[in-house]
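I opened the model today to work through its strands and then its ligand. These are my entries, in the order I looked things up.

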Amino acid sequence: MKAKNEMRISFPSSSNNEAFGRAVVAAFAAQLDPTIDELSDIKTAVSEAVTNCIVHAYRDTIGMIYINAKYDDRGTLQIKIRDKGCGIEDVEQAMQPLFTTAGEERAGLGFAVMESFMDKLRVTSKPGHGTTVTMQKNLARRVMKNG
Ligand SMILES: Nc1ncnc2c1ncn2[C@@H]1O[C@H](COP(=O)(O)OP(=O)(O)OP(=O)(O)O)[C@@H](O)[C@H]1O
Ligand SMILES: [Mg+2]
């Protein structure tokens, strides 16, 4: 993707930073003039990815979360959320709806939510090294009838 604009931030995986990460990405995405629904989809997807870094990647520790977002001149927004935590052994299995390693306390729906609210989702991971979640949403304004 040829970026028309881009930004990057990093912050520690403390739980109060979940809302911070979501708000920063929303402020960046707002430049593409999204609908309320589109913005809400993006915030929910970012929330799920950042929460996964906090609760899974760094489990009982605190580590850095890296967010990188950019968009091109066609209105495609790409968001990358990366951690240097425990990694995922089997990404395909982890992405199955209802799969969780957290027992009763989690639903196992985070990846399913990201997948349905965004247009593209890619997850790469290296056990012991970390995980990168890349998502895209196409925010190009629809062509309206009668102009
Ligand atoms: N960043 C990550 N680092 C390490 N493991 C992860 C990461 N993200 C997800 N996982 C693994 O993938 C599983 C599925 O993630 P998903 O977000 O779909 O469900 P969940 O977090 O378990 O539950 P929910 O999101 O519904 O609260 C997790 O249980 C965890 O084992
Ligand atoms: Mg989750």
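I began with one strand pair and found Phe11 standing opposite Ile65 in E2. The model is a predicted one, so I read every value below as computed from that prediction.

**Entry: Ile65**

I placed Ile65 in strand E2. Is Ile65 buried or exposed? Its relative accessibility is 0%, and because buried means under 20%, Ile65 counts as buried. I then listed what Ile65 touches, leaving out residues up to four places away in sequence. Among the contacts are Ile9, Ser10, Phe11 and Ser13, then Val50, Cys53 and Ile54, and also Ile81 and Arg82. Phe11, the residue opposite Ile65, is thus also listed among its contacts. I also checked a pair separated along the chain: Gly21 is 44 residues from Ile65, and their C-alpha atoms are 9.2 Å apart.

**Entry: the two faces of E2**

I sorted the residues of E2 by cover. The covered face holds Ile65, Ile67, Ala69 and Tyr71. The uncovered face holds Met64, Tyr66, Asn68 and Lys70. I followed Asn68 across to E3, where its bridge partner is Lys80.

**Entry: the sheet**

In what order do the five strands of the open sheet lie? I read the order as E1-E2-E3-E5-E4, with antiparallel pairing. Strand E1 (5–12) and strand E4 (120–126) are at the edges; each has a single partner strand, so one side of each lacks a neighbour in the sheet. On average, neighbouring strands of this sheet are turned by 10° against each other, direction ignored.

I then looked at what packs on the sheet. Helix H2 (residues 36–57) does, and I noted that H2 touches E1, strand E2 (64–71), E3 and E5. The direction of H2 makes about 10° with that of E3.

I went through the pairs one at a time:

- E1 and E2 run antiparallel and are joined by eight bridges.
- E2 and E3 are paired in the antiparallel sense over seven bridges.
- E3 (residues 76–83) and E5 (residues 130–138) pair in the antiparallel sense, over eight bridges.
- E4 and E5 also pair in the antiparallel sense, over seven bridges.

**Entry: hairpins**

I checked the turns for positive phi. The hairpin of E2 and E3 has four residues between the strands, and Gly75 there takes a positive phi near 85°. In the hairpin of E4 and E5, with three residues between the strands, Gly128 takes a positive phi near 85°.

**Entry: E5 and Thr131**

How many of the nine residues of E5 are buried? I found eight, and E5 is mostly covered. Two pairings with E3 went into my notes: Gln78 stands opposite Gln136 in E5, and Asp83 has Thr131 as its bridge partner in E5.

Thr131 lies in strand E5. With a relative accessibility of 7%, Thr131 counts as buried. On the E4 side, Ser125 stands opposite Thr131. The side chains of Thr131 and Ser125 make a polar contact at 2.8 Å. Neighbours within four places in sequence left aside, the contacts of Thr131 include Ile81, Arg82 and Asp83, as well as Gly87 and Ile88. Val123, Thr124 and Ser125 are also in contact with Thr131.

**Entry: Ser47**

I picked one residue in helix H2, Ser47. At 12% relative accessibility, Ser47 counts as buried. Residues up to four places away in sequence not counted, Ser47 touches Glu18 and Arg22.

**Entry: ligand 1**

Which of the 19 residues around ligand 1 come nearest? I noted Asn52, His56, Thr100, Thr101 and Leu109.

I then looked up polar pairs that involve an oxygen atom of the ligand. For Thr101, an N or O atom of the side chain is 2.5 Å from an oxygen atom of ligand 1. For His56, a polar side-chain atom lies 2.7 Å from an oxygen atom of ligand 1. Gly108 takes part through its backbone, where a polar atom is 2.9 Å from an oxygen atom of ligand 1. Last, I checked cover: ligand 1 taken alone exposes 600 Å², and the protein buries 93% of that.

Technical notes. Residues are numbered from 1 along each chain as its sequence is written. Chains are lettered from A and ligands numbered from 1 in the order in which they are written. This is a predicted model: local features need pLDDT of at least 70, side-chain atom pairs count only at pLDDT 80 or more; totals for chains, interfaces and linings use all residues. Side-chain values use heavy atoms; hydrogens and water are left out. Two strands pair if DSSP finds at least two bridges between them. Axes are lines fitted to C-alpha atoms, for helices over the stretch in contact, and angles run from 0 to 180 degrees between N-to-C directions. Contact means heavy atoms within 4.5 Å. Buried means under 20% relative accessible area, exposed over 50%, partly exposed in between (1.4 Å probe, protein chains only). A residue is near a molecule or strand if one of its heavy atoms lies within 4 Å of it. A polar contact is a pair of N or O atoms within 3.5 Å; within protein, one must be able to donate a hydrogen and the other to accept it, and residues adjacent in sequence count only if both atoms are side-chain atoms. Accessible areas come from the Shrake-Rupley method with a 1.4 Å probe; for residues, only the protein chains shown count as cover.
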